[in-house]
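Dear colleague,

I am passing on the structure we spoke about, and my notes on it follow below. Please read them with the model open beside you.

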Amino acid sequence: AKFAEEEAKNGLPALISSASGTIIELGPGSGCQVDRYDPKKVTKIYGLEPCKGLHAQLRENVKKAGLSDVYTIVPCGLEDVECLRKYGVDRETFDTVLSVQVLCSVPNQKATVAALYRLLKPGGQMIVYEHVKSRDLISSLMQ
């Protein structure tokens with residue numbers, strides 16, 4: 001509960017609800033953020049989730065959020081260009097690129113951000129939310 005309270009204070013819900021049009025979400029995991037999308041602003045969402053073990057929970061959360069008709073799970077990472085093309089993920093395709101606490105775990109952040117930027121339509125928006133290293137010793141060691 002404390003984590004949810006902190007997230008509400010930090011602006012994450014507002015960031016996610018500002019996503020609009022055709023959206024690509026990098027690493028949605030089990031879908032703990034999908035209920036924060038504003039369905040009135042969403043045309044289509046592509047969730048790039050290479051961890052197939054998370055897909056069942058992601059599907060369930062997408063269904064609970066009422067987004068089943070507009071949400072497609074793309075079962076690969078950003079580096080798998082062939083897989084992405086099968087799902088229509090290509091340059092200048094998306095109005096919004098969303099990444100929530102994912103970039104911290106990629107080996108080459110600069111290249112990843114550049115690849116994400118290329119997916120945006122001209123005038124599109126990139127929404128990135130990352131955590132910073134905790135000042136708490138135990139938490140920082142866990143990171």
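**Notes on the model**

Lys-44 sits over the face of Tyr-46, at 5.5 Å from the ring centre. Please bear in mind throughout that this is a predicted model, and that the contacts described here are to be read as features of that prediction.

The ring of Tyr-46 also takes part in the one aromatic pair that the structure holds. Its partner is Phe-94, and because the ring centres are 5.4 Å apart with the planes at 80°, the pair is edge-to-face. The two residues come from distant parts of the chain, with Tyr-46 in strand E2 (residues 42-48) and Phe-94 in strand E4 (residues 94-100), 48 residues apart. Both Tyr-46 and Phe-94 are buried.

Strand E4 also contributes Asp-95, whose side chain meets that of Lys-121 in a salt bridge, at 3.4 Å from N to O. A search of the whole structure finds one such bridge, and this pair, too, links distant parts of the chain, since Lys-121 belongs to strand E5 (residues 120-129) and lies 26 residues from Asp-95. As for their surroundings, Lys-121 is partly exposed, with a relative accessible area of 31%, and Asp-95, at 24% relative accessibility, likewise counts as partly exposed; both values fall in between the limits of 20% for buried and 50% for exposed.

Turning to the cysteines, the search of the whole structure finds zero disulfides. Cys-32 is exposed, with a relative accessible area of 56%, whereas Cys-51 counts as partly exposed at 38% relative accessibility.

For the overall fold, the protein chain has six helices and five strands, which follow one another along the sequence in the pattern α-α-β-β-α-β-α-β-α-β-α. Of the contacts in the protein chain between residues at least 6 apart in sequence, 64% join residues at least 24 apart, and both the aromatic pair and the salt bridge link residues with separations of that kind.

Finally, the protein chain has 143 residues, of which 39% count as buried, Tyr-46 and Phe-94 being among the buried residues. The accessible surface of the chain comes to about 8,500 Å², and carbon and sulfur atoms account for 53% of that area.

With best regards

Key:
Residues numbered from 1 in each chain as written. Predicted model: local features only at pLDDT ≥ 70, side-chain atom pairs only at ≥ 80, totals over all residues. Heavy atoms only, no water. Disulfide = S-S within 2.5 Å. Buried < 20%, exposed > 50% of the residue type's maximum accessible area, 1.4 Å probe, protein only. Helix = DSSP H or I, 4+ residues; strand = E, 2+ residues; numbered from the N terminus. Contact = heavy atoms within 4.5 Å. Areas by Shrake-Rupley, 256 points an atom, 1.4 Å probe, with all protein chains shown as cover. Phe/Tyr/Trp six-rings, centres within 6.5 Å; stacked < 30°, edge-to-face > 60°. Lys NZ or Arg CZ within 6 Å of the ring centre and 35° of its normal. Salt bridge = Lys/Arg side-chain N within 4 Å of Asp/Glu carboxyl O.
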